[in-house]
Amino acid sequence: MNWKKISPYLIPSITNVFFISLFIVLSVFPENGLLNDGDTGFHIRIGEYIMENLAIPKNDPFSFISPPLFFTAHEWLSAVIMESIHSIAGLTGVVLFFASIISLTYSLLFKLFVAENDNIFISVALVLLLTVSSAVHWLARPHAFTLLFTVIWYYLLHKHQESPDRNLSSLCFMPLIMVFWVNLHGGFLVGFILNGICILGNLVEYVRMSGEDRNILRQKMIDLFSVTLFCVLVCLINPYGWHILIFPFQLISQDFMINYIGEFQSPNFHTVLLSFFKYSVLLSITLIALSKNRLKPYALISILVFLSMSLTSVRHVPLFCIIVFPILLGLVRPMIENPNSKIGIFFHTRSARCRQTDAQAKGALWPVIVVILVITAAGSERLTHGFDPELKPMNAMAFINSEDIPGNMFNEYETGDFIIYSTWPRYKVFIDGRADMYGEDHLKAYDTVIKAKQGWQDIIEKHDITWMMVNPSSPISSLLWEMPGWHLIYADKVSHVYVRNIRNNQRLVEKYQNIVPVDTRTDELTAAVSL
């Protein structure tokens with residue numbers, strides 16, 4: 001046996017090691033946070049509805065609001081995929097699937113870095129920083145597909161931009177990607193944003209250029225514009241036709257909703273993960289200031305656009321990292337190409353050796369083996385994932401499923417998706433994560449009730465609410481405890497369940513007479529003192 005020929009196939013590349021490491025962290029450790037959002041369960045139930053009815057819902061089947069609201073299930077394909085996995089492997093399977101998508105996304109980005117930069121140490125350092133910075137919005141939700149497609153789309157654009165000729169081959173894949181992207185997640189607009197940035201940047205450069213290069217750039221702009229128009233036509237291959245193109249704009253035009261929902265808020269740099277994003281922004285500013293090479297117009301516009309998006313909404317932080325860090329790599333490369341110091345020469349030499357060894361590594365089966373081992377562990381139930389009962393009202397769900405509580409329910413916005421996952425179709429919600437569907441007026445009505453503002457009882461009467469499931473620390477929970485017209489039938493530190501003291505609820509009132517609120521202020525005070 002010739003070990004020299006076999007050994008390269010036994011050694012994983014650095015890209016494979018990166019994939020394996022990230023996949024293990026996301027799939028094995030329950031603290032990965034992929035199930036921190038109940039929206040995961042909601043998408044599973046949408047997929048269940050589609051699979052059972054072989055149709056995409058036109059009206060909302062999950063809320064009791066009447067008349068039924070028009071519902072745009074723009075992520076229907078993601079929902080079908082998630083439900084298909086869930087029906088076989090439960091929430092654990094869903095977590096493993098999105099762990100693989102996220103790991104693949106950042107592994108491909110690392111591979112792009114290695115291909116563009118000779119210094120492998122710099123590539124590793126930048127990818128580690130951008131990976132940690134991006135983790136703030138890693139969830140088992142359809143937007144993970146947008147992260148993957150953004151990396152691929154950026155690579156195709158970069159290949160087209162940097163090519164000395166027209167290079168149509170890279171653009172030909174865009175319409176094919178868009179067919180899937182538009183049906184998986186509303187983030188398909190990122191593809192159009194990137195194309196628009198490149199066209200605008202090329203136009204600026206075109207005005208300043210002359211000669212044959214100017215003609216090539218003009219033809220590139222025409223090619224990219226033509227492909228972009230074709231992608232617009234391809235987007236119409238979805239259940240909602242042209243409506244899907246305006247849906248994202250309708251979403252972001254609702255000011256109250258944007259200002260109310262956490263993931264649309266600006267980053268809080270006091271948190272650990274977002275502090276890394278802060279350092280990424282500072283690094284970007286420093287490298288641009290120190291670089292002797294002037295950024296190309298499309299690169300500068302990309303930085304400005306995605307920096308603005310990420311500073312406006314925390315959900316766009318991963319997009320900033322994916323788009324901007326390859327540009328930063330281009331700024332770093334000239335600074336380290338010709339090291340003069342002994343330390344610089346030392347690292348340059350070691351980097352060249354590592355790169356040579358990495359190029360010889362052909363152990364591509366290692367990621368496959370690790371994925372199979374993790375799936376095997378999940379299949380034997382040695383590895384399981386589920387929602388955290390400290391964050392989600394799992395015990396309250398078990399309680400209301402064991403009781404037949406009549407009438408319409410008022411629930412918190414943050415728990416609506418989880419209630420749908422846990423109790424639908426038995427119970428229907430007042431509100432859930434689809435704030436765009438409910439509209440600003442309904443969201444304002446919810447805010448009035450949950451904060452016990454003036455007029456909250458009118459909203460209760462309007463929607464014929466007979467019971468509520470709310471957070472113990474909410475103003476409405478404290479108020480209901482003091483009101484004789486309401487009775488507490490369940491309490492834990494995550495959720496309180498109140499019923500109206502009416503005839504239909506007398507059975508529950510008599511059955512649960514001695515329930516008292518759980519005071520969460522003690523834990524909050526302890527946490528504050530420890531800080």
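**View 1. Helix H2 passes helix H4 in a right-handed crossing.** This model is predicted. The axes of H2 and H4 lie 8 Å apart, and the packing angle is about 150°. Angles over 145 degrees count as roughly antiparallel, so H2 and H4 are roughly antiparallel to each other. From H2, the contact is made by Ile14, Thr15, Phe18, Phe19, Leu22, Phe23, Leu26 and Ser27. H4 brings a longer stretch of names, among them Val95, Leu96, Ala99, Ser100 and Phe110. Sorted by class, the contact of H2 with H4 has 13 nonpolar, five polar and one charged residues.

**View 2. The second largest pocket has a lining of 26 residues.** Its volume is about 570 Å³. Nearest the centre of this pocket lie Phe19, Ser100, Leu104, Pro367 and Val371. Four helices give two or more residues to the lining: H2 (14–28), H4 (76–116), H15 (342–360) and H16 (365–379). Which helix gives the largest share? H4 does, with 13 residues. By class, 15 residues of the lining are nonpolar, eight are polar and three are charged. Phe19 and Ser100 link this view to View 1: they belong to the contact of H2 with H4, and they line the pocket too.

**View 3. Helix H3 passes helix H18 in a left-handed crossing.** H3 covers residues 39–53, and its axis comes within 7 Å of the axis of H18. The two axes cross at roughly 45°. That angle makes H3 oblique to H18. On the H3 side, Asp39, Gly41, Phe42, Ile44 and Arg45 make the contact. On the H18 side, Asp417, Ile420 and Tyr421 do so. The residues of this contact divide into four nonpolar, one polar and three charged.

**View 4. Helix H17 meets helix H18 in a right-handed crossing.** H17 spans residues 394–402, and H18 spans residues 413–423. Their axes come within 10 Å and cross at roughly 45°. H17 and H18 are therefore oblique to each other. Which residues of H17 meet H18? They are Met394, Met397, Ile400 and Asn401. Their partners in H18 are Phe418, Ile419, Ser422 and Thr423. Here the contact holds five nonpolar residues, three polar and no charged. H18 also appears in View 3, where Asp417, Ile420 and Tyr421 face the contact with H3.

Methods
Residues numbered from 1 in each chain as written. Predicted model: local features only at pLDDT ≥ 70, side-chain atom pairs only at ≥ 80, totals over all residues. Heavy atoms only, no water. Axes fitted to C-alpha atoms, helices over the stretch in contact; angles between N-to-C directions. Parallel < 35°, antiparallel > 145°, perpendicular 65-115°, else oblique. Left-handed = near helix turned anticlockwise from the far one by under 90°. Contact = heavy atoms within 4.5 Å. Nonpolar A, V, L, I, M, F, W, Y, C, P; charged D, E, K, R; others polar. 1 Å grid on protein atoms, 1.4 Å probe; cavity = no way out; pocket = protein on both sides within 12 Å on 5 of 7 lines; lining within 4 Å. Points joined across faces, edges and corners; volume = space filled by probe spheres on them.
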